[in-house]
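The following exercises are to be worked with the sequence and the model side by side. Each task is followed by a solution in steps.

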Amino acid sequence: MPANKKYLTPSFSQRFAKITAAILGGLMVAIMFHMALASWFNHVAVIITSTFSAFILWAVLMVLAFLGKNGWKVWGMYLLASLVLFVIFYFGNQTNPLV
Amino acid sequence: MGNRIYNILFHTHTVSGIVISVALYVIFFTGSFSFFRDEIANWQRGHSVSQEDALPSSMDGHLNDLSKEYNLYGRDVELRHYYNERSISVNLGASKDSLASEEEKTPVFFYLDPEAKTKTNNYASNYHLGEFLYRLHFLDQIPYPYGRYLAGLVAFFFLFAIITGILVHWNKIVSNFYVFRPWAKIKAMWTDAHTALGVIGFPFQFVYAVTGAFFLLKGILMLPLVAGLYDGDQNQLFEDLEYNHPVYEFQNEKLDQTINLDQYIAEMKEEWGDFRVTETHIFNYGDQNMHAAISGYLGYDTKLNGLGYRIYKIADGSIEQEKVPITQTSYLDGVKNMMFRLHFGDYAGYGLRVISFILGLVSCFVILSGIMIWLVARDKKNIPEKRRKFNQQVANWYMAICLALLPVTALEFIIVKFAPTVNMGFLYQTYFPIWLVASVFFILKKDIAFTNKWTLISGGILGLLVPIANGITTGNWMWIAYQNGYQHILLVDLLWLVLGIASLWIAIFKLRTERAELTPTKG
C-alpha cells in the first residue's frame, strides 16, 4: 500500500513551498542557529560541533516542514526563526567580535 | 501518531528513497569495499606492508636519498604517510633561496617507494583499484565539484530517508522485529526484510549519513560561518580549527649541522610510548631557521584520540612547540578525529571493518528491497496498465544497474591481475564500459528475477576466480600468503572467496521465488 493520497499535499504551489522550505529554509535555520550560538559561546566548540549537529538539525527541520498544514506558513516560521537567530547572532558578534 | 502524519512520513520516505536509491546503492556497495582500500592496493601490487599506520624505516635515510637527487636547501620538505601502502608521499616546496635556479624554485610532488627505491611522479599512475572504488564511493569520477556535491546531497537525503523511515516504523519496531514471512505474499517478504534489516542497520547508517554529508557538504556549512562570524577571513577559521602549519621565515644563512630526525623521533617515542609518526614537515631545509615538525598519533589500542606533534628548532635542538598526545585530548581534536574514525571504521582492527563491510552490504540489500516494495505496492488493479508498465521499467533499470555492480567489480579484480599496467585511464576504460554493457544487457532482458539470479551466479563464479587469478599471476596463493604473513593479500582473497560462496549459495538455494510474482499481474 502506497501512502494514502487523502493525507498528501495536492496542489503544486503547496508542494513547492514545502519542498523549498524543507531544504532551503531548514538549512537556513540550522546554520543561523549555530551562528547565534557561536557568537555568544565558545565559538570553536560550537563550530566543530556543527559539523555533525547542523546536518542532524537540518534533516529534522526538513522532516518537520512536511508535517505542516500550509507550506507558506512553514516558510514564514522558518524565516521568522532565522530572523530572531540573526538578531541574536548580530548582537553576539558585536559584543564578541572574532576578527 | 495520527494517520495524517504517518502517511506524510511514509510518502516522503518513499519519494526521497526512490530518488536516491541507485546512487546510494553505488555509494554503499563501493564504500563497503573502500574499508579495504589499502588492502586492495597491496593485493593488486603483490606488496606486503611491514609497518602500518606510520612512516616506514629511517627518515634520515629518506632525506639522504632525496638530497642526492634534489638540492633541498631552502625548500620545505614533507614526508607523509596517509594510506597503508608501501609508497609514501613526498612534497618538496619551492626553494626560498633567491639564488636558486628555476628548477629549484618549482615545487615537486611524487610517491616514493622506500623498498624498491622507485618514484611515481603523478597521481594517475599511482592509481589502483582500491583508489578507484574509494573514489566511486563519493562519485568522484564525475568532475569536481559536481560529483562530490551530488554524493553529499545523496548522503543528506539518505539521512532524511532513514529518519522518516524509522519514524514510520516506530510503533512496530518491537512487535515486528521477529516477523519474517518468507512464504507470505512477496510484498510482505520484502517489507519484513526491509524493516528488520533497516532497524538493525539504523545506527550504522545514521553515523555514515551524517559524517558522509559533512565530508562532502562542508562547503555549504563553512561558507556562511566564514562570511558571518569571520567577516570573510577564511584563514582565521582554519587557524581556530588548528588546520594551519606555523610559518617560519627563511633567513638565508646556511646552517652547518646535519639534521637528525630519527633521533628526535626516538626521543618522542620514548616519552609518548606507542607513538606513530605519520608526517614530518621540515621548514627551510639547511637554513639557520630550519624547523622540523613531527606529527602522528598514539596507536588506537593505547588511546583513541591521541593526536600529537612536536616542532624542533634544528639549530639548537630545542622544542619550539608541541601537543602532547598522552594528556587530555581537546574537544576540537576529538570531534575532528572521530568524524573520520567513525566513517572509516579503522580504529579496532579487522573485526570492526569486516562487520562494517557486512553492514554496508546489508544496507545495499535494504535499498534494493525498498525498490521492490515500491514496485509491488504499485502493482494493483486500480492503477492504469500504462503506469504499471512504466513502474516495472523503472525498477528493471534500477535493479540492472545496481546488481550488475557485483559481477563487474569481481571481474575488474581479475582484470587488474592480468593487465600489464594498471593506472587511472585503464581502470576508467575497463570498469565503466563493462558496467554499461552488463546493465544494458539486463535492462533489455526486462526480467528482474533473471537479473537477480544471474548477477549472483556470475558474481559468485567471478568472485571465486579472484583468488585463483591472484594465485596464477603472482604465486601468492592463499596458503602461501598465510604462511608468509601477507595479511593484506590473504584478506582480499578471503573476502572474495566468502562473497563468491555466499552469492552462489543465495542464487542456488535461496531464490525459490516464482518468477511470475515479479512480473506485473495482468488485467
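**Exercise 1. Determine which residues B:Ala292 is in contact with, leaving aside its neighbours within four places in sequence.**

Solution. The model is a predicted one.

Step 1. Locate the residue: B:Ala292 belongs to strand S6 of chain B.

Step 2. With neighbours within four places in sequence set aside, the contacts of B:Ala292 are B:Leu261, B:His281, B:Ile282, B:Arg310, B:Ile311, B:Tyr312 and B:Ile314.

Step 3. Assess the exposure. The relative accessible area of B:Ala292 is 1%; the cut-off for a buried residue is under 20%, so B:Ala292 counts as buried.

Step 4. Compare sequence with space: B:Glu270 is 22 residues from B:Ala292 in sequence, and their C-alpha atoms are 18 Å apart.

**Exercise 2. Establish where the buried residues of H9(B) lie around the axis, and what they pack against.**

Solution.

Step 1. Helix H9 of chain B comprises residues 261-272, 12 residues in total, and spans 16 Å from its first C-alpha to its last, close to the 16 Å expected.

Step 2. Its buried residues are B:Leu261, B:Tyr264, B:Ile265, B:Met268 and B:Trp272.

Step 3. These residues lie on the same side of H9(B), because they cover an arc of only 100 degrees around the axis. In general, an α-helix has 3.6 residues a turn, so residues three or four places apart point the same way.

Step 4. The packing partners of the buried residues of H9(B) are helix H3 and strands S5, S6, S7 and S8 of chain B.

Step 5. Just after H9(B), B:Gly273 adopts a positive phi of about 70 degrees.

**Exercise 3. Identify the residues with the most contacts inside the largest nonpolar core.**

Solution.

Step 1. The largest nonpolar core contains 138 residues, and those with the most contacts inside it are B:Tyr25, B:Phe33, B:Phe156, B:Phe413 and B:Trp496.

Step 2. Helix H7 (residues 186-229) of chain B contributes the largest share of this core, 19 residues.

Step 3. Apart from this core lies another, of 31 residues, including B:Leu55, B:Val90, B:Met268 and B:Tyr285.

Step 4. Beyond four places in sequence, the contacts of B:Trp496 include B:Phe33, B:Leu406 and B:Phe413.

**Exercise 4. Judge how compact chain B is for its length.**

Solution.

Step 1. Chain B has 17 helices and eight strands.

Step 2. Its radius of gyration, 27 Å, is close to the 24 Å that the globule rule gives for 523 residues, so chain B is as compact as a globular protein of that length.

Step 3. Of the 523 residues in chain B, 53% are buried.

Notes
Residues are numbered from 1 along each chain as its sequence is written. Chains are lettered from A and ligands numbered from 1 in the order in which they are written. This is a predicted model: local features need pLDDT of at least 70, side-chain atom pairs count only at pLDDT 80 or more; totals for chains, interfaces and linings use all residues. Side-chain values use heavy atoms; hydrogens and water are left out. Helices (H or I, at least four residues) and strands (E, at least two) are DSSP runs, numbered from the N terminus. The expected span of a helix is 1.5 Å times one less than its number of residues. Buried means under 20% relative accessible area, exposed over 50%, partly exposed in between (1.4 Å probe, protein chains only). The arc is that of the directions from the helix axis to the C-beta atoms. Contact means heavy atoms within 4.5 Å. A nonpolar core is a set of buried Ala, Val, Leu, Ile, Met, Phe, Trp, Tyr and Cys residues joined through side-chain atoms within 4.5 Å. The radius of gyration is taken over C-alpha atoms; the globule rule is 2.2 Å times the number of residues to the power 0.38.
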